[in-house]
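Hi,

Here is the structure I promised to pass on. Please load it first, then read my notes below.

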Amino acid sequence: MSQPANPRPATVASDAEADGYAAASTALAGLRVLDLTRVRSGPTCVRQLADWGADVIKIEAPVDEAQFGGPRHGPDFQNLHRNKRSITLDLKSEAGIAAFRRLADTADIIVENFRPNVKARLCIDYDTLSKTNPGLIYASISGFGQDGPLADRPGFDQIAQGMGGLMSITGEPGRGPMRVGIPIADLCAGLFAAQGILIALHERQKSGRGQWIQTSLLQAQVFMLDFQAARWLMDGVVPRQAGNDHPTTIPTGVFRTADGHMNIAVTGNVIWGKFCDTMGRPDWRDDPRFATAAARSENRHALNAEIAAITGTATTAEWIDRFNAAGVPAGEINDISQVFANPQVRHLGLAQPVVSQERGETELVGQPIIMSRTPSRIAAPPPTAGQHTAAILADLGYTEDEIAEMKAQGAI
């Protein structure tokens, strides 16, 4: 079924609450999430919940702290922390921890990515909080797991990329290990934690009980090795770097054109035959060097050289038109500015407008999922630190005098 021309609702100034917060969707309406996360993996998880309408309350320290991952007004923070509310609490103070415990009793979900021993030291771990809130779903994201020989190591995306094997299969042969251009271990750990939360929510409908969800950058990275991991586990093959070539399916890779480069992906003998015809080389079908998938992989350098000699005779656009007309997958290699200028990306509404409190009118990256009845939108920019403290405490039953006293004590 075709999608509407503009499948995502634009962000509009509407009936947002007086404190500057409006729900981003109705899909997760009614769920309260406490966000104890920093940097990227945790905020990635929580963003998935906020963007689908959960009431996410970001817990921040009362004093300004260095924002790991960039300043509050920076693009990284802005993109990660939209659609939330913010309360400042000093979790090391008696009044601050008491307020958090009261808030935790009202929560459906808590997400944290402290080092494993920190939450127990603060008495905000799952075992403690679930005693008074048995339905609590508590998600922990760490570098290497909550226990085990490496549990206490500090986690960082590039460290996980290396330890998880990704850097050994990324990059050109002989050039040394290479990281990928995005923090993929962080991002995947956050997405897996969000998935675990949704699974736990579904199970809670039957049992009425919450549970502790754990994942880590290392677990996420190893899982994302996918077929490369299966090659080792099942066949004993240690995959190596293959550059822009696909590890097993040739010819799939980057080829020079008259005005740049393009990607071509040839999988299976049917597409291989179409590719040969489009290239004007039907003889490749019967060439013993290229006739089978195994032969093409064995002779990839010779085949790639012959392909490049032909693709260099026409422009990228010309080749992409020819290949796609013939049913051979091919595409441009865009820089980021070209990505967001692409008509299909624009049609899908992946850049969504928002009025940032620090930057004014700008755009952020929207959700890559289209829901027919309960769409997501960027309904609110990232909150200022503590923007909703008074409203949240009042909702918990604190009086104006009590809130003022907590502020005077530095607890909020």
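The notes below go through the cores, one helix, a hairpin and some backbone details.

Please keep in mind that this is a predicted model.

Nonpolar cores

The largest nonpolar core has 30 residues. Phe-100, Ile-110, Ile-124 and Leu-393 have the most contacts inside it. Six elements are worth highlighting in your viewer: β1, β2 (55-60), α3 (94-104), α5, α17 (389-395) and α18 (400-409). Each gives two or more residues to this core. The largest share, 5 residues, comes from α3. Apart from this core lies another, of 27 residues. Ala-139, Ile-141, Ala-200 and Ile-213 are among its members.

Back to Ile-124. Leaving aside residues up to four places away in sequence, Ile-124 touches Leu-36, Leu-91, Ile-97, Phe-100, Phe-114, Lys-119, Leu-129 and Tyr-138.

Helix α1

Helix α1 covers residues 41-51. How many of its residues are buried? The count is 11 of 11. That includes Arg-47, Gln-48 and Asp-51. It also includes Val-46 and Leu-49. After α1 comes Gly-53, with a positive phi near 105°.

Hairpin β7-β8

Strand β7 runs over residues 252-256 and strand β8 over residues 261-265. In which sense do they pair? They are antiparallel, with 5 bridges. One of the bridge partnerships links Val-254 to Asn-263 in β8. A hairpin of 4 residues joins β7 to β8.

There is a cis peptide bond to check as well. It runs from Ile-250 to Pro-251, with omega near 5°. Pro-251 sits in the loop between α10 (227-235) and β7.

Positive phi outside glycine

Which residues have a positive phi although they are not glycines? Val-39 is one, at about 65°. Val-39 is placed in the loop between β1 (32-36) and α1. Is Val-39 buried, partly exposed or exposed? Its relative accessible area is 39%. The partly exposed class lies between 20% and 50%, so Val-39 is partly exposed.

Cys-123 is another, with phi at about 60°. Cys-123 lies in the loop between α4 (118-121) and α5 (126-129). Its relative accessibility is 40%, so Cys-123 also counts as partly exposed.

Best wishes

Methods. Residues are numbered from 1 along each chain as its sequence is written. This is a predicted model: local features need pLDDT of at least 70, side-chain atom pairs count only at pLDDT 80 or more; totals for chains, interfaces and linings use all residues. Side-chain values use heavy atoms; hydrogens and water are left out. Buried means under 20% relative accessible area, exposed over 50%, partly exposed in between (1.4 Å probe, protein chains only). Two strands pair if DSSP finds at least two bridges between them. A nonpolar core is a set of buried Ala, Val, Leu, Ile, Met, Phe, Trp, Tyr and Cys residues joined through side-chain atoms within 4.5 Å. Contact means heavy atoms within 4.5 Å.
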